[in-house]
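Good morning, and thank you for coming. I would like to take you through one structure, beginning with how its parts meet and then turning to single residues.

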Amino acid sequence: MGLFDSKLSEIHNRLHARDISVTDLVDASFARIAEVEERVKAFLTLDEEGARRTAAELDKQLAAGGERGLLFGLPAGLKDNIVTEGLRTTCASRFLGNYDPIYDATVVRKLKDAQSVTIGKLNMDEFAMGGSNENSAFHATRNPWNADYVPGGSSGGSAAAVAAGEVYFALGSDTGGSIRQPAAYCGVVGLKPTYGLVSRFGLVAFASSLDQIGPLTKNVEDAAYVLQAIAGHDERDSTSAQVRIPDYISALTGDVKGLRIAVPKEYFGEGVSSEVKSAVQASLKVFESLGATWEEVSLPHTEYAVATYYLLASSEASSNLARYDGVRYGVRSSDADNLLDVYLNSRSEGFGPEVKRRIMLGTYALSSGYYDAYYLKAQKVRTLIKRDFDQVFENYDLILSPTAPTTAFKLGEQVDDPLTMYLNDILTIPVNLAGIPAISIPCGLASNGLPIGLQLMGRAFDESTVLRAAHAFEQHTDHHKLRPQL
Amino acid sequence: MSISVQDVEHVAKLARLKLSDQEKEQFTVQLNAILKYAEKLNELDTEGVPPTSHVIPIANVMREDVVRESLPLDKVMRNAPEEEDGQFKVPAVLE
């Protein structure tokens, strides 16, 4: 375990000194998986053969000397909605239970260029719809801090695998909080980059105007390294931004003197537990002591974000998931005599209840007679929500809040009540609607022994400031060093 | 607005989902609750507010029309539930 508690730079120094090999790192990963996976259940697919082959190649390269990639030798896990050529990718759905991708996602190609080692594919809520991993068609991942609790979602497998030390880092995807909320629940760092900073080519689409891939790591510096490796324009994703990618690692100066932090009062309202509030307020004291200033502000349309999000995300999902028709890939129902039955029966057998619910909601919101009342209305409110953020960022560099209203909840506690479940995302959803970057970092443990997450939101494409502030906080606190006892 | 079981049946048909009677009833209750919550948006006056469909300003994205090699057929067909002569096979469209 010691290995995965080291920082990336330390591991690289040891590799360089031939004190350890890439094979040692991969061994450490699979040894830990053998030790704890039965309790954590973070993985859907392991690729031991592929990982060992890659490790051997990298060790050969290490022996020969020469250039090493940014993430050289680091064992990585990928959320199972990121396609990997020749390695089963299921989106935790029965529909894609045996799907064997014919190409690599752009982030996978970039990780190969950076020379990390893919260990396997991580559990999630089916098609990234959910916040607990209970919507996986295969099994529920457990929170490494307490197996009675959910790891969060939808990137729950990614957060749990990092927290449990099964991989060195993981990639997740965030449509309404799906990187940040599980990061908060599992006590790790989770970054949702600006919409368009990281290519979505090969990320199985849920809600295309909101989806974004990002890293889950044990500390902020590692998040900066992973982001550096995966960010950048991609001609295969026409929504990926043509912006210059700054050096995120050199942005970590530790200096936040003069940084102006906005604290939105709406993010501390009803439903946010007192323990979460006090942990987040304590973090403000840390920033204050480092020379940053903070003031309370208002993001007045916050209360409309959840309704806006569920209309827009479900509408986009209903359209995106129309491709699952049982013709070109995925399961086909054996009970079908004509083409219409192929569609109806394959989809009904292949999708779980939450996916069906969102397809139904989205189809309704887009259907004739209701489009203006629901979908168009939500798009207009999205504009108001974005304007709230634009206004605050005229006078402030960062917005600080809790990541989630509470710590993780128990398995089975909320599955029967979709609306309550949706309201858990109230503090993460506005960020996706506005397209801006945000990070969740650990800021303490509650009395139930579960981690609390602190969220820092920044201007579009200003990941550098978000990372710099998060890193400075980390330098002066020990929350990120706490580990679950497994 | 409230949704009836008939509405749910209609939407299911549009979405190409076959629902059991139990699912129909459950979705009627749940979609009503979610849509009732969504009506909260009507509290806001959005007269003259432009809709946001894409949050980062990107205009039409163009690229050169360069001929590239297609994916090999065996790869493309590798996940097909049923195939024949390099084509996706489906049951009869018309009876």
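I shall speak about the interface, the salt bridges, one loop residue and the cysteines, in that order. Please bear in mind throughout that this is a predicted model.

Let us begin with the interface. The size of an interface is often given as the accessible area lost when the parts come together. For chain B and chain A, that buried area is about 5,700 Å², and 68% of it lies on carbon and sulfur atoms. In terms of residues, 53 from chain B are in contact with 72 from chain A.

What polar pairing is found across this interface? There are 23 residue pairs in polar contact between chain B and chain A, with both residues at pLDDT 80 or more. Which helices of chain B supply at least two residues each to the side that touches chain A? They are helix H1 (5-14), helix H2 (21-38) and helix H3 (73-76) of chain B. Of these, H2(B) gives the largest share, with nine residues. Sorted by character, the residues on that side of chain B comprise 34 nonpolar, seven polar and 12 charged.

I turn now to charge pairing. Side chains of opposite charge can pair when their charged atoms come close. Over all chains, the structure contains 28 salt bridges. Between chain B and chain A, the count is six. One example is Lys356(A) with Glu23(B), where the closest N and O atoms are 2.9 Å apart.

Other salt bridges lie within a chain. In chain A, Asp104(A) pairs with Lys112(A) at 2.6 Å, N to O. The two partners differ in their surroundings: Asp104(A) is buried, at 11% relative accessible area, whereas Lys112(A) is exposed, at 51%.

A further pair is Asp397(A) and Arg260(A), whose closest N and O atoms are 3.2 Å apart. This pair links distant parts of the chain, 137 residues apart: Asp397(A) sits in the loop between helix H13 (371-395) and strand E9 (398-402) of chain A, and Arg260(A) belongs to strand E7 (residues 260-264) of chain A. Asp397(A) is buried, at 14% relative accessible area, while Arg260(A) is partly exposed, at 34%.

In chain B, Lys89(B) and Glu84(B) form a salt bridge at 3.0 Å, N to O. Both are partly exposed, Lys89(B) at 34% and Glu84(B) at 42% relative accessibility. Returning to chain A, shared partners join Arg260(A), Asp397(A), Arg459(A) and Asp462(A) into one network of salt bridges.

Next, a single residue in a loop. Phe95(A) lies between strand E2 (75-79) and helix H5 (106-114) of chain A. Is Phe95(A) buried or exposed? Phe95(A) is buried, with 1% relative accessibility. Among the residues that Phe95(A) touches are Tyr324(A), Tyr329(A), Val331(A), Arg347(A) and Phe351(A). Ser346(A) is also touched; its C-alpha atom is 7.8 Å from that of Phe95(A), although the two residues are 251 apart along the chain.

Finally, the cysteines. A disulfide is a covalent bond between the sulfur atoms of two cysteines. How many disulfides does the structure hold? There are zero over all chains. Why does Cys91(A) form no such bond? The closest cysteine sulfur, in Cys186(A), is 20 Å away from the sulfur of Cys91(A), and is therefore too far for a bond. Cys186(A) is likewise in no disulfide, the nearest cysteine sulfur, that of Cys443(A), being 15 Å away. Cys91(A) is buried, at 1% relative accessible area, and Cys186(A) is buried at 1% as well.

Terms used: Residues are numbered from 1 along each chain as its sequence is written. Chains are lettered from A and ligands numbered from 1 in the order in which they are written. This is a predicted model: local features need pLDDT of at least 70, side-chain atom pairs count only at pLDDT 80 or more; totals for chains, interfaces and linings use all residues. Side-chain values use heavy atoms; hydrogens and water are left out. Contact means heavy atoms within 4.5 Å. Buried area is the accessible area (1.4 Å probe) that two parts lose on being put together, summed over both. A salt bridge is a side-chain nitrogen of Lys or Arg within 4 Å of a carboxyl oxygen of Asp or Glu. A polar contact is a pair of N or O atoms within 3.5 Å; within protein, one must be able to donate a hydrogen and the other to accept it, and residues adjacent in sequence count only if both atoms are side-chain atoms. Helices (H or I, at least four residues) and strands (E, at least two) are DSSP runs, numbered from the N terminus. Ala, Val, Leu, Ile, Met, Phe, Trp, Tyr, Cys and Pro count as nonpolar, Asp, Glu, Lys and Arg as charged, and the others, Gly among them, as polar. A disulfide is a pair of cysteine sulfur atoms within 2.5 Å. Buried means under 20% relative accessible area, exposed over 50%, partly exposed in between (1.4 Å probe, protein chains only). Lists of a residue's contacts leave out its neighbours within four places in sequence.
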